[in-house]
Amino acid sequence: MNESPLDAIDSEDIDPHFADKLVDAGIGRIRTCIQCGVCSAVCPSGRRTAFRTREIMRKAVLGLKDEVLSSEDLWLCSTCFTCLERCPREIKVTDAIVVMRNMAVEEGYMLPQHRKASKKLLTSGHLVPIDRANRRARRELGLDELPPTTHSDEQALEEVKKVMKKTGFKTLIEGEAKEGA
């Protein structure tokens, strides 16, 4: 059976503590959302994609944890904070999305391209590789081929790797991905 947006929500789909977890993470005003739609109206990502901030927020307040955390839309936010600046209830919308992304990763949901970029960070300390084209461009600009970062400082890279391991980032990224994300 195909699901329709008009299908009723089953009680087993609701996590009554999901909004509480967001409140505990610092998103204390999330329950004051009046679904005015300002966040969606001002969202630059929403102009170019199907991303609707308001929909994510509503589902979070309703406790539809699995639907929110497994949604690809959760990753379309550019974290520009425009929604926060315009929210009449002063809800930390962007912070809520970041918290939900963290929860999603902890549950094993992450878009493949985000996981790939994060794995680059684990190995090189950077998201942007220093490939042949980048090396050539740096030489043409009169710069060293490798920037004075973890690309050229092995000890700095080891320190970054220690931080990623200690904070649990390494475990999250290397964890098993769930279907749909």
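User: What makes a pair of side chains a salt bridge in this predicted model?

Analyst: A salt bridge is a Lys or Arg side-chain nitrogen within 4 Å of a carboxyl oxygen of Asp or Glu. In this predicted model, E55, K59 and E67 are linked in a network of such bridges. The structure holds nine salt bridges.

User: Why is the contact between R135 and E145 called a salt bridge?

Analyst: The N to O distance between the two side chains is 3.2 Å. The cut-off is within 4 Å, so the pair R135 and E145 counts as a salt bridge. The partners belong to distant parts of the chain, 10 residues apart: R135 sits in helix α9 (residues 132–140), while E145 sits in the loop between α9 and α10 (154–166).

User: How do you know whether R135 and E145 are buried or exposed?

Analyst: Buried requires under 20% relative accessible area and exposed requires over 50%. R135 has 29%, so R135 is partly exposed. E145 has 30%, so E145 is partly exposed as well.

User: What makes E159 and K162 a salt bridge, and where do they lie?

Analyst: Their N to O distance is 3.5 Å, which is within 4 Å, so the definition is met. Both residues are in helix α10; because they are three residues apart, about one helical turn separates them.

User: Why is K162 called exposed, and what is E159 called?

Analyst: K162 has 52% relative accessibility, and the threshold is over 50%, so K162 counts as exposed. E159 has a relative accessible area of 41%, which falls in between 20% and 50%, so E159 is partly exposed.

User: How do you know that K170 and E174 form a salt bridge?

Analyst: The closest N and O atoms are 2.9 Å apart, and the limit is within 4 Å, so K170 and E174 qualify. Both lie in helix α11 (residues 169–174), four residues apart, about one turn of the helix. K170 itself is partly exposed, at 30% relative accessibility.

User: Why is C36 not placed in a disulfide?

Analyst: A disulfide needs two cysteine sulfur atoms within 2.5 Å. The closest cysteine sulfur to that of C36 is in C87, at 6.1 Å, so the distance is too far for a bond. C77 is in no disulfide either: the nearest cysteine sulfur, in C83, is 6.0 Å away. The count for the structure is zero disulfides.

User: What are C36 and C77 called, buried or partly exposed?

Analyst: C77 has 12% relative accessibility, and buried means under 20%, so C77 counts as buried. C36 has 43%, so C36 counts as partly exposed.

Methods:
Residues are numbered from 1 along each chain as its sequence is written. This is a predicted model: local features need pLDDT of at least 70, side-chain atom pairs count only at pLDDT 80 or more; totals for chains, interfaces and linings use all residues. Side-chain values use heavy atoms; hydrogens and water are left out. Buried means under 20% relative accessible area, exposed over 50%, partly exposed in between (1.4 Å probe, protein chains only). Helices (H or I, at least four residues) and strands (E, at least two) are DSSP runs, numbered from the N terminus.
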